[in-house]
Amino acid sequence: MAWLRIAGAAVVLVLWVRPGPAAWHWRRLRLASAFGLMTAAMNIAFYEALDHLPLGSAVALEFLGPIAVVVAGSRTRRDLVALVFAVVGVMLIADVRWSGTAWGVILALTAATCWAGYIVLGKKVAQRGSGVEDLATGFVMAALLTSPLIWLVWRGIDWDAPGWQTGGDGASIWAVLCLGLAVGAASSAVPYGLDQIVLRRIGAGRFALLMALLPVTAAVIGFLALGQVPHSWEIAGIVCVAVAVAVRTADPDEGEVESATDR
C-alpha cells in the first residue's frame with residue numbers, strides 16, 4: 001500500500017506538473033529525492049506499525065515527530081501551552097490503548113522520526129519556490145528506489161481475476177493499477193501538494209502543530225460519512241486541539257510571510 005501511494009502519486013504529479021529538465025538536475029533532485037524517500041519511509045513504517053500496535057497507539061507515537069519539531073522551534077510559553085493542549089487532544093481522540101509489541105513501538109517511533117524529517121525537508125523544498133515540481137520528481141525517485149516492494153504488490157494480484165474484481169485471493173491487475181492511482185492522488189498527491197503550499201507560507205513549527213488537526217478531521221469525517229458518533233473524551237480532545245491552534249503565538253515563524261514575488 002505504501003509503495004502504491006508513492007508510485008501512484010508520482011504518476012499523477014508528473015502528468016499534472018510535467019517537471020522541466022531543470023527539475024531533474026542533480027542539484028535539485030538530491031533534496032527532492034531525500035524528501036520523497038523520507039515520505040515513503042514514513043508511510044511504510046506507519047503501515048508496518050499498525051500490524052503490531054492498536055491504531056490509537058500508533059497514531060500517538062507517530063505524533064511525537066511533529067511534537068519534536070514544535071519543541072525545537074518553540075520560542076514562547078504560549079507555544080508550549082499550545083503544544084500541551086495539542087498532545088492531550090490527540091491522545092484523547094486517538095483512543096490510545098497501550099498494548100502491542102516492542103517491534104511495533106520501534107516502527108511507530110521510526111514513523112515519527114520520518115514525519116519530523118518530512119516537515120523539515122518539506123519546508124526546505126517549499127522555500128525553493130518549486131515545491132510541487134520537486135514533489136513530483138522526489139516521488140518518482142522514491143518509487144524507483146523502493147521498487148523492490150513491487151514484489152509484494154505482485155503477490156497480491158490474481159492474474160485470473162476478471163475485470164475489476166477485488167477480494168478473494170487477490171485483485172485483478174486493472175483493479176490494482178486503478179486503485180493505486182486513486183490512492184496515490186487522494187492520499188499523497190493532493191494532501192502533500194497542499195502541504196507544500198502551506199509550508200511556503202508558514203514556519204515548520206506552526207505547520208507541525210497544525211498536524212494535530214488530522215485526527216480532528218478524521219473524527220469529523222467519521223461522524224458525517226460513517227455515522228460514528230464521537231465519545232465524550234473524543235469531543236474533549238477536539239476542543240483541546242482547537243484551543244491549541246487558537247493559543248499558538250501570533251508572531252510569524254521564520255519564513256512564514258511570503259514575499260511579493262511569491263504572490
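**Exercise 1. Place Thr-146 in the fold and list what it touches.**

Thr-146 is in contact (heavy atoms within 4.5 Å) with Trp-3 and Leu-37, when residues up to four places away in sequence are not counted. The model is a predicted one, in which local features need pLDDT of at least 70, side-chain atom pairs count only at pLDDT 80 or more, and totals for chains, interfaces and linings use all residues. Residues are numbered from 1 along each chain as its sequence is written, and side-chain values use heavy atoms, with hydrogens and water left out.

Next, locate the residue: Thr-146 sits in the loop between H7 and helix H8 (150-155), where helices (H or I, at least four residues) and strands (E, at least two) are DSSP runs numbered from the N terminus. Finally, classify its exposure: Thr-146 counts as buried because its relative accessibility is 15%, given that buried means under 20% relative accessible area, exposed over 50%, and partly exposed in between (1.4 Å probe, protein chains only).

**Exercise 2. Describe the chain as a whole.**

Begin with the secondary structure, which comes to 12 helices and zero strands. Then turn to burial, where 45% of the 263 residues count as buried. For the contacts with a separation of 6 or more, 83% are accounted for by residues 24 or more positions apart.

**Exercise 3. Check the length of helix H7 and find what covers it.**

The expected span of a helix is 1.5 Å times one less than its number of residues. Helix H7 (residues 131-145) has 15 residues and should therefore span 21 Å, which agrees with the 20 Å between its end C-alpha atoms.

As to its surroundings, H7 is mostly covered, with 11 of its 15 residues buried, among them Gly-131, Glu-133, Asp-134 and Phe-139. The buried residues of H7 pack against helix H1 (2-17), H2, H6 and H9.

One of these packing partners can be followed at a single residue, Ala-9, which lies in helix H1. Ala-9 counts as buried because its relative accessibility is 0%. Leaving out residues up to four places away in sequence, Ala-9 touches Leu-4, Phe-139, Gly-184, Ser-188 and Ala-189. Although Ala-9 and Phe-139 are 130 residues apart along the chain, their C-alpha atoms are separated by 7.1 Å.

**Exercise 4. Identify the nonpolar cores and the residues at their centre of contacts.**

A nonpolar core is a set of buried Ala, Val, Leu, Ile, Met, Phe, Trp, Tyr and Cys residues joined through side-chain atoms within 4.5 Å. The largest such core has 52 residues, and those with the most contacts inside it are Phe-63, Trp-115, Tyr-118, Ile-119 and Phe-139. Helix H6 (residues 102-127) supplies the largest share of this core, eight residues. A second, separate core has nine residues, including Ala-49, Leu-61, Leu-107 and Ala-108.

To look further at Tyr-118, set aside its neighbours within four places in sequence; it is then in contact with Phe-35, Met-38, Thr-39, Met-42, Tyr-192 and Asp-195.

Leu-61 also appears among the buried residues of H3, together with Gly-56, Ser-57, Ala-58, Ala-60 and Glu-62. H3 is mostly covered, six of its eight residues being buried, and what covers them includes H2, helix H4 (64-73), H5 and H6.

**Exercise 5. Characterise the largest pocket.**

A pocket is defined on a 1 Å grid over the protein atoms alone, as an open set of points where a 1.4 Å probe fits, with protein on both sides within 12 Å along at least five of seven lines, and its lining residues have an atom within 4 Å of a point. The largest pocket holds about 1,200 Å³ of space. Of its 36 lining residues, the closest to its centre are Phe-46, Val-59, Leu-214, Pro-215 and Ala-218. H11 gives the most to this lining, with eight residues. By type, the lining divides into 25 nonpolar, seven polar and four charged residues.

Pro-215 also offers a distance to check: Met-91 and Pro-215 are 124 residues apart in sequence and 9.6 Å apart in space, C-alpha to C-alpha. Met-91 is found in helix H5 and counts as partly exposed because its relative accessibility is 34%.

**Exercise 6. Explain what sets Arg-18 apart in its backbone and its exposure.**

Arg-18 has a positive phi of about 55° although it is not a glycine. Arg-18 is placed in the loop between H1 and H2, and it is classed as exposed because its relative accessible area is 68%.

Notes: Grid points are joined across faces, edges and corners, and a volume is the space filled by probe spheres set on the points. Ala, Val, Leu, Ile, Met, Phe, Trp, Tyr, Cys and Pro count as nonpolar, Asp, Glu, Lys and Arg as charged, and the others, Gly among them, as polar.
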